[in-house]
Structures are given as structure tokens and as C-alpha cells.
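Trainee: Please take me through one part of this model in close detail, and then through what lies around it.

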Amino acid sequence: MHPFTYTRASDVPEAIAAGRRGGRYIAGGTTLVDLMREGVERPETVVDISGLPLRDVVATERGGLRIGALVTMAEAAAHPKVRALFPVVSEALELSASAQLRNMASIGGNIMQRTRCPYFRDPTAACNKRDPGAGCAARGGFNRGHAILGASDSCVATHCSDVAVAFAALEATVRLLGPDGRRQVPIAEFLLRPKTSPDREHDIGDGELITAIELPALPRPLQSGYLKVRDRQSYEFALTSAAVALHVHGGVIRTAKVAAGGVGTVPWKLPAVEEHLVGERPSQSLWATAAAKSADGASPLQHNRFKVELLKRTVERQLRIVGGTE
Amino acid sequence: MSPQPQAAVGAPLSRVDGRLKVTGEARYAAEHDVDGAAHAVLVDASIGRGRITAVDTRAALAHPGVLRVLHHGNAPRLPYRANSGSNNPPGRRLRVLQDDLVRFHGQPVAVVIATTLEAAQHGARLVKVRYDAEQPSTDLAEGEPGKPETYARGDAEAALRDAAVRLDLSYRLARNHHNPMEPHATIARWDGGSLTVWDKTQWVVGTQQELAAVFGLAKDAVRVISPFVGGGFGSGLRCWPHTVAAALAARVAERPVKVVLSRRQMYAGTGFRPAYDYRLRLGSDRRGRLKGAIHAIDGETSSYETFTEGIMTAGQTLYSLAAVRQAYRTVSLDVNTPVWMRGPGFASASFVLETAMDELADRLGLDPIELRRRNEPDEDESNGHRFSTRRLRECCTVGAREFGWESRPLQPRSRREGDWLIGMGMAAGVYDPGRMPAKARARLDADGTAVVEAASSDMGPGTYTAQTQVAADALGLTMRTVTFRLGDSLYPPTPAHGGSMTMASVGSAVLDACDQIRRQAIELAVADRESPLHGADAEDVVVRAGRLHLRSDSARGETYRSLLGRNDRAHLSADGSYAGPPDSERLTVHAYNATFAEVAVDATLGLVRVRRMLGVYDAGRIISSKLAESQAIGGMVGGIGTALMEHTITDHRDGRIVNANLADYLVPVNADVPEVKALYLEGNDPDADPLGVKGLGEVVQVGVAPAIANAVFNATGRRVRELPITIEALLQN
């Protein structure tokens with residue numbers, strides 16, 4: 001491991017100051033330490049923020065939820081308000097990682113986690129994300145797990161968080177605090193597509209700290225859930241996944257929030273599917289025609305062509321599970 | 001001598017070393033406390049083939065704590081005497097840091113020695129190696145096959161031509177890696193001209209012999225110690241480059257050196273189950289009687305060694321067939337050399353044979369079990385030998401009854417529960433367990449306790465426990481008064497701990513040593529005027545719980561303690577041996593199973609879930625029923641991995657293994673393992689060896705993958721001839 005300095009921030013301003021000086025934040029350490037061991041991440045200074053008071057889950061005035069950045073995945077998944085209001089978030093978390101990792105990893109860190117692309121994680125392979133300008137070994141290499149949506153010539157790696165897919169579906173907001181004060185950024189804008197600079201993954205400045213994720217108020221009743229398709233039943237990243245939330249009133253879908261995971265360079269919001277659903281009555285054929293739009297614009301690679309069809313089937317299945325077929 | 005009552009053997013005992021393992025007191029290779037040990041980390045080649053043109057060690061040497069950096073340019077030249085033992089395949093074995101050639105991606109090209117692990121790890125990253133890279137050849141389908149190993153009986157072409165039903169099937173089996181929990185590790189220490197090595201190995205004797213050959217030493221100058229092995233599945237059957245590197249580093253650094261492979265390094269640093277391309281042509285008559293089979297088998301090997309395994313045997317012996325032709329070619333690739341992995345050869349062959357039999361049964365409209373019954377051989381048709389015991393039909397019958405085989409869907413894709421298609425499948429398994437010469441020694445002390453020693457190994461099957469059981473019954477002692485020691489080349493030599501040969505071979509030597517001691521004690525007693533057994537017929541004396549007594553009158557007797565004490569004997573001792581099967585033996589000793597699986601396949605998403613499995617085994621006498629069950633569960637879990645997940649992926653552009661970690665190389669997790677049940681047929685195989693065991697560690701993984709694949713076919717109507725069976729293969733429903 002590259003030698004580094006470890007400091008512990010005792011309050012938020014101290015953390016921000018340390019971050020501004022180039023320190024990398026560490027909370028649960030479940031991603032960063034792995035990558036440091038592999039020689040992928042080589043921070044000079046690591047700033048431990050795990051003691052900061054960002055561990056609350058609070059209801060917002062309008063009926064949303066604010067989840068502190070340092071709430072662990074396990075705590076967030078089990079939180080009664082999360083379970084009651086946004087089952088899709090609980091389910092996405094519980095289908096992630098392992099119990100041990102969920103006990104360590106924080107919500108803020110989860111959306112910051114870096115890709116599982118094996119070429120990114122192997123310092124001897126070419127990777128623009130790790131080493132800008134080095135090339136992308138995955139595009140012409142083994143790319144079964146890679147993105148079919150949102151890729152560029154320079155990068156085809158997926159964003160591998162599950163809960164970020166739920167956040168994308170729900171149109172969550174990332175709350176940031178930095179040297180220049182507070183900011184709120186929609187998650188769709190916070191997580192960046194690779195384009196020509198895949199090393200730049202987030203809209204976050206030096207010293208900026210995620211303080212919370214805010215889930216917006218949505219019309220109630222809201223049915224929601226998360227489906228994850230993978231090669232083994234636990235402890236694996238998604239080949240495809242779907243986060244769905246539906247508000248049905250008077251037999252008609254009034255609100256539809258849908259996003260897909262495992263397929264995009266960022267959690268993939270599916271507005272065409274949502275638009276197709278709104279104003280319609282739930283039915284098996286509606287699910288199928290809506291889901292048929294979920295892979296629009298996909299450009300698969302050599303080993304992941306199957307994801308195009310699998311994605312449509314995953315979304316269709318999850319629409320049915322959440323929306324029923326009456 | 002009178003047969004001993006069986007008390008420990010057969011009992012469902014817990015592991016004698018269980019407490020040590022769960023309390024962390026069992027010392028694994030990297031955990032031995034060797035004074036003054038430095039740490040070494042290997043630097044791996046980042047090209048797949050070519051030459052090293054320069055090694056820049058300046059930055060590494062400048063890093064605090066780094067002591068030395070060894071590479072081909074400065075490492076001492078080693079004798080590397082020829083050694084056809086130690087499980088070295090034919091060829092020229094990899095010579096660690098002896099030349100500038102890179103033969104595969106990940107080959108060790110330098111070793112960084114440092115005072116701390118962290119310094120060594122960072123130092124390894126600071127070594128800059130320059131290469132003249134060439135295009136490696138790592139794709140089995142593209143490589144140039146070597147001269148085939150062939151087998152033929154009858155006229156297979158003619159038999160196939162005349163067969164009423166013909167199948168022509170092509171299979172692809174993925175490369176698998178063992179991935180034991182414990183990483184491979186070695187600590188090496190030189191004391192003058194002698195070398196001591198604490199190693200993760202399944203064969204201390206083989207590693208001893210190889211290190212002696214590599215360093216040009218007498219065998220006795222090398223000691224290999226390996227009391228605990230945290231899983232092996234075959235990966236510990238050879239002495240790998242890192243073990244040589246540790247010894248080399250210790251010699252140069254003039255202090256003990258520890259090397260622990262990272263998980264990533266395990267993929268190129270040890271062996272693997274080779275990938276196969278396998279074409280099978282099979283013909284039968286309309287009643288399902290097999291007529292002919294032609295096997296064309298291509299398997300991976302390295303550019304420097306020719307690894308072969310028993311992939312041909314099952315096709316020659318499992319079913320009655322007048323005409324068989326086989327050609328087995330190895331394809332020399334720029335990869336490291338494969339090694340045996342659980343059920344070696346047989347597990348791969350069984351996937352092909354047993355899914356083909358299922359296809360044939362489906363074509364003929366026959367119950368797959370009935371098809372197998374119709375092709376039951378009376379003898380080993382490859383050589384005319386008698387089978388010692390062959391109870392495959394009984395395995396099938398018992399399995400069918402216990403699993404509820406008659407309730408299976410008769411038509412593929414005919415049972416559905418919601419989104420899930422349900423199917424059942426079965427397969428037969430066979431393995432040719434080894435029986436090799438082995439030695440053991442035993443000592444009975446005057447306090448009535450005994451110590452038994454054999455080099456051997458315990459990679460997890462429970463050698464400690466099972467050998468203690470054999471010794472305890474032969475000596476007439478309780479389990480608690482017998483200590484079995486293993487994993488040290490100072491102990492009497494034994495064969496490799498693999499190939500299902502430990503129980504038969506080491507166990508028979510242990511039995512011999514302990515029988516001798518019991519005989520000595522009985523003879524001492526009947527000749528001793530002061531013994532209550534004086535004058536008794538030695539044939540009428542048995543020993544129970546440390547007390548000798550007449551079989552016909554248990555009141556008449558005395559303890560070992562009183563006998564040895566009165567006779568001023570500090571101990572009785574004996575060297576035991578097992579010679580292996582006689583050359584003249586005209587006998588085929590095979591272990592068998594019938595494995596049953598029920599799967600659910602998501603009709604639209606292609607997910608496969610194994611719902612339950614049953615294995616029924618003909619493995620001869622079972623020494624420890626509890627450990628045997630654990631073995632079977634492990635074998636079935638391994639088979640789920642082979643069937644549905646395990647796949648070492650190589651990027652053929654540069655020979656890099658892409659998924660060399662446990663997040664991307666998938667093995668089953670608990671959620672993937674359903675209700676798994678094992679049944680062993682009662683009985684023994686008296687012709688096999690003195691214990692009547694046939695060995696079970698390998699056969700339990702044979703037949704598992706095809707049982708699952710056949711169940712997938714029964715569920716979906718889709719035949720997948722490529723392993724692992726993936727979602728994308730089933731998505732085309």
C-alpha cells in the first residue's frame with residue numbers, strides 16, 4: 001500500500017479544511033481500503049470522518065426523508081421510516097454486499113463507491129478512469145458486466161451501487177457542505193457520465209462533504225421495490241436491476257419512478273418508461289410495452305449483448321411485482 | 001489375531017482438531033512463529049509472454065525496510081536437478097528467477113524482501129520491470145494441440161455408423177480455480193546447509209523432494225512442516241514457485257523469510273482445473289443399448305509442462321460399450337501449468353458423458369436411470385478386470401426412492417410454479433481412487449496412551465480424526481488416549497494427500513502399525529506368568545478401552561498400563577506399512593455415486609436456483625460418518641459452483657486473468673446452497689485394501705454438475721453444453 005497519513009476529523013469544519021488540503025474522506029472504508037490495497041487508490045492523506053454527527057434519519061416537512069451521510073447501509077435499510085416510506089431503498093440496500101459490509105459502509109460512501117470493472121481494479125491494465133489517457137482495456141476485453149448505456153469511447157464501466165439506483169428512481173438530492181457553503185445537487189447530476197474524463201465521477205469539489213441524501217416527498221400511497229438479477233443469490237453486483245415506485249389512484253398510474261442498475265455508467269433513469277406508464281391503468285401488457293422502452297439507446301459490447309433483453313425483462317418483472325396486474 | 005471390536009470407526013465423531021480450529025489455535029502455514037522472519041512479496045509479470053529487458057530496483061531498495069530485491073539478473077543460479085516425483089508433470093519445470101523469459105501473465109519475476117510486510121508490498125510496487133512483449137497464446141480454441149493420447153477398443157466408427165440412434169455433441173468446460181480459503185504461504189529458514197519450510201501443502205514429502213532437487217540438497221537436509229491446511233482441493237499437490245522463492249530469498253537474506261500469496265496471485269501462482277473442448281459422438285440401439293462412442297478431448301496445458309489427468313477412464317469403464325475410441329490432446333498455451341482439482345478429470349468427463357446419457361434417454365423416451373441400468377457392465381471392459389465392488393445401480397435405486405424420482409416431470413418444461421420452471425435431473429459419478437505405498441509408526445506408552453505418526457496431510461476431510469479412529473480401534477484404546485500427528489516430513493512417508501488415497505493408503509499403514517503393537521502386547525501378556533492372561537490363546541484376546549481381555553471371558557484381563565508397568569516396558573512401538581495393491585491384482589476398484597438435483601429456472605430472467613440435492617455413494621467402508629457427510633456436502637457445493645458459476649476468465653489479448661479475485665470469480669454462497677443430503681451405502685470393499693475403504697473425497701464432486709444441467713434441461717427443455725450455465729445461455733427461452 002502506498003504510504004499515507006491518517007487524520008481524524010473531530011467536526012465538520014475540520015473535515016472540510018482537511019479535505020480542501022487534499023485529504024480523502026474515509027468512513028466505513030469498505031471501498032477505499034480495498035482499492036488502496038490493490039494500489040488503485042493512492043491518497044497521501046486519509047481523513048476519517050466516521051465520528052462526525054451525520055448519522056440521523058429525519059422526516060422532512062413535506063413528507064420526504066433525509067438520511068445522514070454516515071448512516072450505515074444496515075441502519076438505513078432497517079430504519080422504520082425508510083421501510084415504511086421507501087421500501088425500494090431498504091430492498092436495494094439489503095440486496096447489496098454482505099451483512100458485514102453493510103454494517104460498516106455508509107450511505108454517503110455507497111454512492112461514492114467506484115466501479116467493479118476488473119481492469120480498473122488491476123493497476124497493470126489500461127484504464128482511463130484510474131490513469132487518464134491510458135486507454136480502456138474493457139472496451140475490447142472481457143466486458144460481460146459492463147455498461148450498455150451511457151458509455152463513451154473512454155469508459156464502459158458501470159456504477160455498481162444498488163441504493164443509488166433507488167435514489168435515481170426517486171429523484172433524490174445529494175446535500176453537500178464545502179468551503180463555499182451548502183449545495184444541493186440532484187443525484188442524476190451528481191453522478192457523472194464518463195464522456196472524455198471518466199476519472200471525474202462526481203460533481204463534488206475539493207473539501208466538499210456529503211452530509212445527507214434527501215428523498216423527496218412523493219404522492220401517497222406509493223408502492224415501491226427493487227429487483228436485482230445476478231449470477232449468484234447473494235454477495236454479488238447486479239447484471240441488471242430495477243427500482244420502481246408507483247402511485248396509483250383511481251385505478252390509474254399517476255406517478256411512476258423507474259431506474260435501472262447494472263447497465264449504465266451511472267444509475268439509469270428511465271423517463272420513457274415512466275412517461276409510458278403515467279395515465280395508464282396497470283396491466284400485464286402495459287408493463288411489457290413500457291419495459292420495452294427501457295433499453296432505448298443501448299449500445300452493447302461483445303460480451304454483454306444479453307443485457308439488452310435482460311434489462312427489459314427485469315424492468316417488466318419489477319413493474320409487475322410493484323404494480324400488480326389488476 | 002482376533003478381530004478387534006469396532007468402536008470408533010463408523011461413529012459420527014466430531015473432529016479431534018475442531019476445538020483448535022474454531023479457537024484459532026491451529027497454526028496455518030503463514031502463522032508459524034519463526035524468529036526473525038523477514039517478509040517477501042513476489043512481483044508478477046504484467047505481460048503474457050516475452051522477455052525481461054530491464055529490472056529497475058532503485059526505488060524499491062530506497063524504500064525504508066526493504067532489504068533486497070531478487071530477480072533473474074542477481075538471483076543465485078539453482079541446480080534444479082531433475083525430479084520426476086513431487087507430482088511434476090513431464091516437461092521442464094518453471095525455474096524461479098533463473099532466466100529472462102516470461103512464460104505466462106503473473107509469473108514471478110522478482111522478489112522484494114523487507115523487514116515488514118507493508119514495506120515488502122510497497123517495495124514490490126516500486127520495482128519497475130521492462131519487457132520485450134510478444135503476443136501470448138492463451139485461447140484453447142486457437143492453440144495448437146499436441147500429439148494425442150489415444151485409446152481404442154472395437155471399431156467405434158463402424159459401431160456409430162450402424163447405430164440406430166446417434167448423438168454428436170460438442171462441449172466447452174470452463175477453467176476452474178481451487179480458491180481454498182487459506183492463501184498459499186511458505187516460511188523458509190536455513191540452518192547452515194539444511195532447510196526447514198513451513199508450507200501450505202498437501203504433500204510434505206513431495207515438497208521436500210522438490211526443494212532438495214531445486215537446491216541440490218540431500219533429501220534429509222530439507223524438512224517440510226504443514227500441520228494444518230485451510231482447504232486445498234488439489235492446489236497444494238505441487239511445490240509451487242513461491243515456495244522456491246521463499247527458500248531462495250531466505251538464503252540470500254540470510255534470515256528466515258515468509259511469503260504469502262495474495263488472492264490475485266493464487267490464480268497464476270498455483271494450478272487450476274484446465275478448460276476443455278470436448279466432442280462426444282455416441283450411438284445406441286433403439287432400446288438404449290450403447291454401441292459406440294468416440295471422444296475427442298482437448299485440454300489446456302502450459303508451454304513448459306504437459307499436464308494430463310484421468311479424463312479418459314470414465315468413458316472406458318462406466319458403461320458397457322463394445323466400441324470406444326478416444327483421443328486426448330493437450331494444447332500448449334502461455335499459461336501456468338494446471339493441476340488436479342477435486343474429482344480431477346472424472347468431474348469434467350462426467351459432465352459430458354452424463355449429460356449425453358440424459359440426451360439419449362430423452363431421445364429414446366427412457367427413464368435416465370433405466371438407460372444406465374441397461375448399460376451396466378459385468379466387468380471393467382477396458383481391461384477385463386473384475387470390479388471389487390460396483391454398486392452404482394443400488395446408488396440409483398436408493399437415490400430414486402429417497403429423492404422422489406418418480407415424481408419428476410416426465411416432459412421437459414412441463415412443471416411451473418409462478419415464474420419458475422421446475423425440473424429434476426440425475427447423473428452417475430465414478431472415480432478411480434488411488435492406493436499407494438505408505439508408512440506410519442505407532443508407540444504405546446506405559447501410561448496407556450498412544451501416539452501415531454505419518455507424514456500425510458489434512459486439507460479438511462478430517463485425516464486427524466479418521467486416522468485416530470482407525471488407530472484407536474486397532475489398539476483397543478479410546479479416541480482421547482490416541483494422538484495422531486501428521487504434516488511433517490520427519491514422519492514416515494506417505495503419498496500425496498489427494499486422489500482419494502489417504503484413507504486407504506495411510507489408514508492401512510496406521511492399521512498395520514497398531515495391529516503390530518496390539519499383537520506385541522497380547523504376546524507379552526500370554527507369556528507373562530503374572531498376567532491374568534497367562535497361558536491364554538492369543539487369538540482369543542481382544543483389547544477394549546486400554547484393557548486386554550479374553551473374548552470369551554471379559555473378566556479375565558488387565559490393562560496395557562499394568563502389563564507394561566509390571567514388565568518395565570516404557571513403551572511398545574511399531575513401524576507400519578501398506579504396500580499398495582499387488583502388481584498382479586486383476587481388480588478395478590472404483591467409487592461411485594448417483595447424484596440427484598431439483599432446480600428452479602426463472603422462465604424469463606434465466607436465473608437458476610438449485611432447490612435440493614441428494615448424493616448416494618458407494619465408497620466402501622465409511623470411517624467417520626459425520627466427516628463423510630461433510631465431504632459430500634462440500635463436493636456437492638463445489639459441483640454447484642462448477643455447474644453455475646466458476647469460470648476463470650483470461651483476456652487473450654495479453655494473457656491476463658481478468659477475474660482473479662473472489663468478487664468476480666464466483667463460488668456458491670450459503671444462499672445458493674439448498675437442502676443437500678448425502679447417503680452412503682452400508683458395507684465395505686474387502687478386496688480394495690485392509691480397511692475396506694474406497695476413498696470418497698473426489699467422487700463426491702463427480703456427477704454433480706451434470707445432475708444440475710440435466711435438471712435444467714428437464715425444467716426448461718434447453719440443453720446447455722457449456723459450463724458454467726449462465727443466465728445468457730438460458731435467456732433465449
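Trainee: What joins β6(A) to β7(A), and through how many residues?

Mentor: A hairpin makes that connection, through 2 residues. This is a predicted model, in which local features need pLDDT of at least 70 and side-chain atom pairs count only at pLDDT 80 or more, while totals for chains, interfaces and linings use all residues. Residues are numbered from 1 along each chain as its sequence is written, and chains are lettered from A and ligands numbered from 1 in the order in which they are written.

In the hairpin, β6(A) covers residues 173-178 and runs antiparallel to β7(A), with 6 bridges between them. Strands are DSSP runs of E, at least two residues long, and helices are runs of H or I, at least four, numbered from the N terminus; two strands pair if DSSP finds at least two bridges between them. Thr173(A) faces Pro186(A) of β7(A). Strand β7(A), residues 181-186, is hardly covered, with 0 buried among its 6 residues. Buried means 20 or more other C-beta atoms within 10 Å of the residue's own, exposed means 12 or fewer, and partly exposed is in between, with C-beta atoms placed from the backbone.

The domain assignment of chain A, which is automatic or from a database, gives domain 1 (5-48), domain 2 (57-112 + 159-215) and domain 3 (223-323). Over C-alpha atoms, the centres of domain 1 and domain 3 of chain A are 36 Å apart.

Chain B has an open sheet of 7 strands with mixed pairing, in the order β3-β5-β1-β12-β9-β10-β11. Strands β3 (66-71) and β11 (222-225) of chain B each have a single partner, so one side of each is left without a neighbour in the sheet. From one strand to the next the twist averages 20°; axes are lines fitted to C-alpha atoms, for helices over the stretch in contact, and angles run from 0 to 180 degrees between N-to-C directions. Within this sheet, β9(B) (185-191) and β12(B) (257-260) pair antiparallel over 4 bridges, and Ala188(B) has Val257(B) as its bridge partner in β12(B). Helix α5(B), residues 204-215, packs on the sheet at β10(B) and β11(B), its direction making about 145° with that of β11(B). Contact here requires C-beta atoms, placed from the backbone, within 7 Å. Helix α6(B), residues 241-253, lies across β1, β3, β5, β9, β10 and β12 of chain B, at about 35° to β9(B).

As for confidence, the pLDDT of chain B averages 97, on a per-residue scale from 0 to 100. The complex has an ipTM of 0.97 and a pTM of 0.98 from the predictor.

Note on methods: pLDDT is the predictor's confidence in each residue, from 0 to 100. Two residues are in contact if their C-beta atoms, placed from the backbone, lie within 7 Å.
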